[in-house]
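Subject: Structure handover and findings

Dear colleague,

Please find the structure below, handed over for your own work. My account of what was found in it comes after the structure.

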Amino acid sequence: MVQKYQSPVRIYKYPFELVMAAYEKRFPTCPQIPVFLGSEVLRESRSPDGAVHVVERSCRLRVEAPRLLRKIAGVEHVVFMQRNVLNWRERTLLIEAHNETFASRVVVNENCSYTVHPENEEWTCFEQSASLDIRSFFGFESALEKIAMKQYTANVKRGKEVIEHYLNELISQGTSHIPRWTPAPVREEDARSQAGPRDPGSLEADRPGSVPGPAPETVLTEGDKLDADYIERYLGHLTPVQESCLIQLRHWLQETHKGKIPKDEHILRFLRARDFHLDKAREMLCQSLSWRKQHQVDLLLQTWQPPALLEEFYAGGWHYQDIDGRPLYILRLGHMDTKGLMKAVGEEALLKHVLSVNEEGQKRCEGNTKQFGRPISSWTCLVDLEGLNMRHLWRPGVKALLRMIEVVEDNYPETLGRLLIVRAPRVFPVLWTLISPFINENTRQKFLIYSGSNYQGPGGLVDYLDKEVIPDFLGGECVCNVPEGGLVPKSLYLTEEEQEHTDQLRQWRETYQSASVLRGAPHEVVVEILEGESVITWDFDILRGDVVFSLYHSKQMPKPGPQEPGARAGGQLTDKGWVLGVDYSRVEAPLVCREGESIQGSHVTRWPGIYLLQWQMHSPPGNVACSLPGVEDVLTALHSPGPKCKLLYYYEVLASEDFRGSMSSLESCTSGFSQLSATTSSSSGQSHSSPLVSR
């Protein structure tokens, strides 16, 4: 595979003639570049009027490679052929170079140009492009490619420093100005000789506008070029290879993309997301551009007006900036009724709102870059989890969250600079276990998580936010205008017809299973746990009647055993001889659930074995069943007409390795999460549960 390199435009704020004098001081040797061993002029010619000077050199460079590789190759240095065409009239220097050593195995081509700045004739521009094609090299192709690129980029960086060194040397010696070239009077015999044969090397060079230069594919038209100073000022410090990837991807878009070309900051984010792997970044960016066009995302900030309900109950908003100048977004997730918002405005409206936040974030980054005079390409998000509970684990809400994460990860990569999570409660690791696999590893490394009051004091928010901008609800002095959220009134929910129209109700029904509960015939789900510490989570809605929910544990499978794993109505435990506390045990206190309620909860298991989730019809006080029903109760219930309860339910088991893996990823963050980890991922053998009733 051919490796290509393209430099940005580097600017010397000196006239072309002075830069040329500094350039000539690099020859025949250059102590500032140790690998450059020396050069020899092979051929030299000038045009009759002296405007064009052509020099061909042989240059020797020391091989910076492991001794074994040098021994196998049998060389200590390589030879490059260089051809310089200096046109004083046009004020250009064009340089072509290629390797002579191992030319049949390795092909290196390089093109450089010094030209006058198009907007300031007292400045000089420098551009460089190169290609490397390793066809065969004794089985060391990959190693040689890495060595060559490393050495090449090091020399690229050093090249500008060398020119500046010689410029300073010239100025210190009193040479700060060199007159521009002017044509000398041409004698009659010289004029006649110009009509005759001329040096082929200077034939084209003497023709204005026809000076040989870089290969056509490397030439950028004016206005398309990236300035190195611009990159440093607006995009940040990039290595030569990173600069090259940005320029190549930008140039490719200019040639092939139909429509609006994304800004350089946007292109750079995709390159960073793919570790500057050009092909992978190009593929990711193209898919995102297609998505933006399909959904008209470029117009989102002008066209999207969030519903009044969202503006009141969506507990998120922008709030000044962090200590690094990044825009700061605050999300009070624990105070936000995600289920209520989903039922009131729908998933698509929530997704649009999240996208508008990301679009606004990019806009604010551009504004802060100009305001603070340094590149700012990402923002900081502060998430307050006070109030987070199992209601936030409502499965359609979690699925919608995962979809939003996927869309943002695919289309807004490297926009999150830091995520500060404060007041993380005990239930947070369950949520984290569900969503963390969908978050890019690079993004996860930016998470800082604090439980309790660990965010206060040294090592907390003061390390990332100025005291003047820490919100009042976190102990700061700054009034924060982010909406406080709260429960969305059910009266504002979409009707079933409206939910069906948005295809939301069907998706929710696909997530849940329905069940009926008869008097004396409970509905039960058998869950087999192979490892002691796993997490069972449940989520159910009571559609009709009142039920009692319980969780039991047994070391043995109910008899007769279930024909299929999972849920069966009635007949799960038929042996009335079972004794509570001996043959089975209750691991969750009975929870009375009323009609219309939504229940979410979890249980961290203490032992392996069989766990039984049970819903049975609620009886008046004093008659609540305290044990599991026998076969007579079930048969009576099935053959006796009477009232019944209906529910929709969903359950999930988070395996030990997933739960512990999630905890490990959290503990690896630089955060105050250790206390939370200790209480939630209990090593003492105690189980923890967190049921929640939503009225």
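The paragraphs that follow go from the whole chain to its cores, its helices and then single residues.

**Overall picture**

Please note at the outset that this is a predicted model. The protein has 695 residues, of which 50% count as buried. Its secondary structure comprises 21 helices and 23 strands. When contacts between residues at least 6 apart in sequence are considered, 76% of them join residues at least 24 apart.

**Nonpolar cores**

The largest nonpolar core holds 59 residues, and the members that touch the most others are Tyr-314, Leu-341 and Ile-421. Helix α14 supplies the largest share of this core, with seven residues. For Leu-341, neighbours within four places in sequence were set aside; its contacts are then Leu-309, Leu-310, Phe-313, Tyr-314, Met-336, Gly-346, Leu-350 and Val-488. Tyr-314 thus appears both as a contact of Leu-341 and beside Leu-341 in the list of residues that touch the most other core members. There is also a second, separate core of 32 residues, and Phe-27, Cys-30, Phe-36 and Val-78 are among its members.

**Helices α14 and α1**

Helix α14 runs from residue 395 to residue 411. Its 17 residues reach 24 Å from the first C-alpha to the last, close to the 24 Å expected at 1.5 Å a residue. The buried residues of α14 include Val-398, Leu-402, Met-404, Ile-405, Val-407 and Val-408. Arg-395 and Asn-411, at the two ends of the helix, are buried as well.

Helix α1 is largely enclosed by the rest of the structure, because seven of its nine residues are buried. Those buried residues are Phe-16, Glu-17, Leu-18, Val-19, Met-20, Ala-22 and Tyr-23.

**The packing of α7 against α8**

Two packed helices are described by the angle between their axes and the distance between the axes. For helix α7 (residues 240–256) and helix α8 (residues 264–273), the axes come within 10 Å and cross at roughly 115°. The crossing of α7 past α8 is right-handed. On the α7 side the contact is made by Cys-245, Leu-246, Leu-249, Arg-250 and Leu-253, and on the α8 side by Asp-264, Ile-267, Leu-268 and Leu-271. By class, these contact residues divide into seven nonpolar, no polar and two charged.

The length of α7 agrees with expectation, because its 17 residues should span 24 Å at 1.5 Å a residue and its end C-alpha atoms are 24 Å apart. Cys-245, Leu-246, Leu-249, Arg-250 and Leu-253 are among the buried residues of α7. Other buried residues of α7 include Pro-240, Glu-243, Gln-248 and His-251.

**Backbone features**

A cis peptide bond joins Phe-27 and Pro-28, with omega at about 5°. Pro-28 sits in the loop between α1 (16–24) and β3 (36–46), and Phe-27 belongs to the second core described above.

Two residues other than glycine have a positive phi: Gln-296, with a value near 50°, and Tyr-320, with a value of about 55°. Gln-296 is in the loop between α9 (278–295) and α10 (300–303), whereas Tyr-320 is in strand β9 (residues 316–321). Gln-296 counts as exposed because its relative accessible area of 53% is over 50%.

**Residues brought together from separate parts of the sequence**

Phe-447 is in strand β13 (residues 447–451). With a relative accessible area of 6%, Phe-447 is buried. Its C-alpha is 4.8 Å from that of Leu-419, and the two residues are 28 apart in sequence.

Lys-555 lies in the loop between β17 (547–554) and β18 (566–569) and is exposed, at 79% relative accessible area. Lys-555 and Asp-583 are 28 residues apart in sequence, with 7.6 Å between their C-alpha atoms.

Ala-655 occupies the loop between β22 (644–654) and α20 (656–667). The relative accessibility of Ala-655 is 21%, so this residue counts as partly exposed, the limit for buried being under 20%. Ala-655 and Ile-536 are 119 residues apart in sequence and 8.7 Å apart in space, C-alpha to C-alpha.

With kind regards

Methods
Residues are numbered from 1 along each chain as its sequence is written. This is a predicted model: local features need pLDDT of at least 70, side-chain atom pairs count only at pLDDT 80 or more; totals for chains, interfaces and linings use all residues. Side-chain values use heavy atoms; hydrogens and water are left out. Helices (H or I, at least four residues) and strands (E, at least two) are DSSP runs, numbered from the N terminus. The expected span of a helix is 1.5 Å times one less than its number of residues. Buried means under 20% relative accessible area, exposed over 50%, partly exposed in between (1.4 Å probe, protein chains only). Axes are lines fitted to C-alpha atoms, for helices over the stretch in contact, and angles run from 0 to 180 degrees between N-to-C directions. A crossing is left-handed if the near helix is turned anticlockwise from the far one by less than a right angle, and right-handed if clockwise. Contact means heavy atoms within 4.5 Å. Ala, Val, Leu, Ile, Met, Phe, Trp, Tyr, Cys and Pro count as nonpolar, Asp, Glu, Lys and Arg as charged, and the others, Gly among them, as polar. A nonpolar core is a set of buried Ala, Val, Leu, Ile, Met, Phe, Trp, Tyr and Cys residues joined through side-chain atoms within 4.5 Å.
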